[in-house]
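Work through the exercises below with the structure open. Each task is followed by a stepwise solution.

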Amino acid sequence: MVKIAIMGFGVVGSGVWEVLTKNAASIARRAGDEIKIKYILDIRDFDDHPAKELIIKDFEKILNDDEISIVVETIGGLEPAYTYTKRLLEKGKHVVTSNKELVAKHGPELLKIAKEKNINYFFEASVGGGIPIIRPLQNCLAANQITEIAGILNGTTNYILTQMNKYSLSFEEALKQAQEKGYAERNPTNDIEGHDACRKIAILSSIAYSHYVNYESIYTEGISKISKEDMEYAEELGCTIKLIAMSKKLDNTTVFARVSPLMILQKSPFANVDDVFNAILVRGDAIGDVMFYGQGAGKLPTASAVVGDIIDIVKHIDKSYVYTWGISGDIKVLDINQTSCRFFVRVKYKDITKAKDAVSIIFNDCMIVNTHKPIGENEFAFVTHELKEEEFKEKISQLEKLPAVEKVLSVIRYDENI
Ligand SMILES: NC(=O)C1=CN([C@@H]2O[C@H](COP(=O)(O)OP(=O)(O)OC[C@H]3O[C@@H](n4cnc5c(N)ncnc54)[C@H](OP(=O)(O)O)[C@@H]3O)[C@@H](O)[C@H]2O)C=CC1
Ligand SMILES: N[C@@H](CC=O)C(=O)O
């Protein structure tokens, strides 16, 4: 029998308990051993929960119990999760986590300790919720040179955008629902402003390219400025708006990486990925394109990935797994100003003719959007041809200074090739 502990009995931690309890018999058969939860660490009391006898408040009890060989960390955040994880690994206990913030920040160090101690630090649930993506990248696609990853990596923002677009919910209402469903981070700013997706694309890129990609170097923009009007223009253009995280390996020293809302064609494989679902496209030199799809957040989908990691450890309890992450050192992320793309722009005008003329001169070859019905008041929109970000910023500031232009209402990157 393998005895384990769960630290953090919130959405994911309680889901892990539920899956391990409900599917105990089949899990034991697949793991080749029975898995028993000995402790659940949390700062709260759970007096009405069937697992109440297992609740403890003292981390040292887990650390110093030689019967515990695997610990699940589902507390989230950096501290005390980092200190607990490090001490557990140093003590020779396997750790499984869903905590992408910790993995993105301290992954290389924690993996190094795990390797030295001949144990495992597993984090399948840290990206894509229940979608198997870390292990496929690490194992099944290991034969490939991975050149590109792109995806919808945050369930909360995808839920919000879907509810706003398809069911006309307000941003606030949609966020509240996502929180009630257990999708959102404790601080939902991490979802809304793209930080969560940023950490996830950094983790995937680090594994895929065998270099540590520092999430702090990735240009990140969230969905807080996306309005109903933006969505109406997208519809007119045969597009939809999604929060897309992407990275490309440019050469052995540099990657391009970015998280931002993107206007994509309705025929894009990402366009109909709705609600809490995530989708991840991986491009390899042998396999070509492969796509992963499933629920990117939520109690049981995420628990499914955590329990999968536990089973894998039980099956190979004395084996340390070698991660390709960081084996080749760090890799530089290209400055966003040096990257290029097309942009969708909404302009509020004082003089429509002069404003449109100015747009045509400043952004030569741009496409003015013709709409079937008026959108907003005293405004029009256009899509630029491909421009370097720094060149685009310069042109926008030129436009904003014109007397015929009241203000630039919104800017969204536009990509018809994704
Ligand atoms: N929710 C989801 O769908 C997904 C979440 N994740 C990640 O999984 C992790 C956990 O998320 P989630 O379950 O949603 O978070 P929750 O906030 O629901 O759960 C965390 C639990 O840990 C408890 N806790 C806080 N501090 C401590 C401490 N010092 N010692 C022990 N327990 C503590 C919290 O108590 P209290 O509430 O009183 O603070 C809470 O019960 C996060 O890293 C998150 O990003 C990953 C994939 C999906
Ligand atoms: N808050 C995250 C949870 C899963 O990682 C999300 O919404 O995707």
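The exercises deal with two ligands and the cysteines.

The model is predicted, so local features need pLDDT of at least 70 and side-chain atom pairs pLDDT 80 or more, while totals for chains, interfaces and linings use all residues. Residues are numbered from 1 along each chain as its sequence is written, chains are lettered from A and ligands numbered from 1 in the order written, and side-chain values use heavy atoms, without hydrogens and water.

**Exercise 1. Describe the surroundings of ligand 1.**

Step 1. Collect the residues near the ligand (a heavy atom within 4 Å of it). For ligand 1 there are 23, and the closest are Arg-44, Ser-98, Glu-185, Arg-186 and Gly-298.

Step 2. Sort this shell by class (nonpolar: Ala, Val, Leu, Ile, Met, Phe, Trp, Tyr, Cys and Pro; charged: Asp, Glu, Lys and Arg; polar: the others, Gly among them). The result is nine nonpolar, nine polar and five charged residues.

Step 3. Look for polar contacts (here, N or O atoms of ligand and protein within 3.5 Å). The side chain of Ser-98 has an N or O atom 2.7 Å from an oxygen atom of ligand 1. Polar backbone atoms also take part: that of Val-12 is 2.8 Å from a ligand oxygen, and that of Gly-182 is 2.9 Å from a ligand nitrogen.

Step 4. Compute the cover by accessible area (Shrake-Rupley method, 1.4 Å probe). Of the 890 Å² that ligand 1 has on its own, the protein covers 85%.

**Exercise 2. Which side chains make polar contacts with ligand 2?**

Step 1. List the neighbours; among them are Lys-100, Asn-154, Tyr-183, Glu-185 and Asp-196.

Step 2. Pick out the contacts. Thr-156 places a polar side-chain atom 2.6 Å from an oxygen atom of ligand 2. For Lys-200, the distance from a polar side-chain atom to a ligand oxygen is 2.7 Å. Asp-191 has a polar side-chain atom 2.7 Å from a nitrogen atom of the ligand.

Step 3. Add the cover: the protein hides 93% of the 250 Å² of accessible area that ligand 2 has on its own.

**Exercise 3. How many disulfides are there?**

Step 1. Apply the cut-off (two cysteine sulfur atoms within 2.5 Å). The count is zero.

Step 2. Check individual cysteines. From Cys-239, the nearest cysteine sulfur is that of Cys-341, 13 Å away. Cys-341 also holds the nearest cysteine sulfur to Cys-366, at 15 Å.

Step 3. Assign burial (under 20% relative accessible area, 1.4 Å probe, protein chains only). Cys-239 is buried because its relative accessibility is 2%, and Cys-366 is buried because its value is 17%.

Terms used. Polar contact = N/O pair within 3.5 Å; in protein donor to acceptor, adjacent residues only side chain to side chain. Buried < 20%, exposed > 50% of the residue type's maximum accessible area, 1.4 Å probe, protein only.
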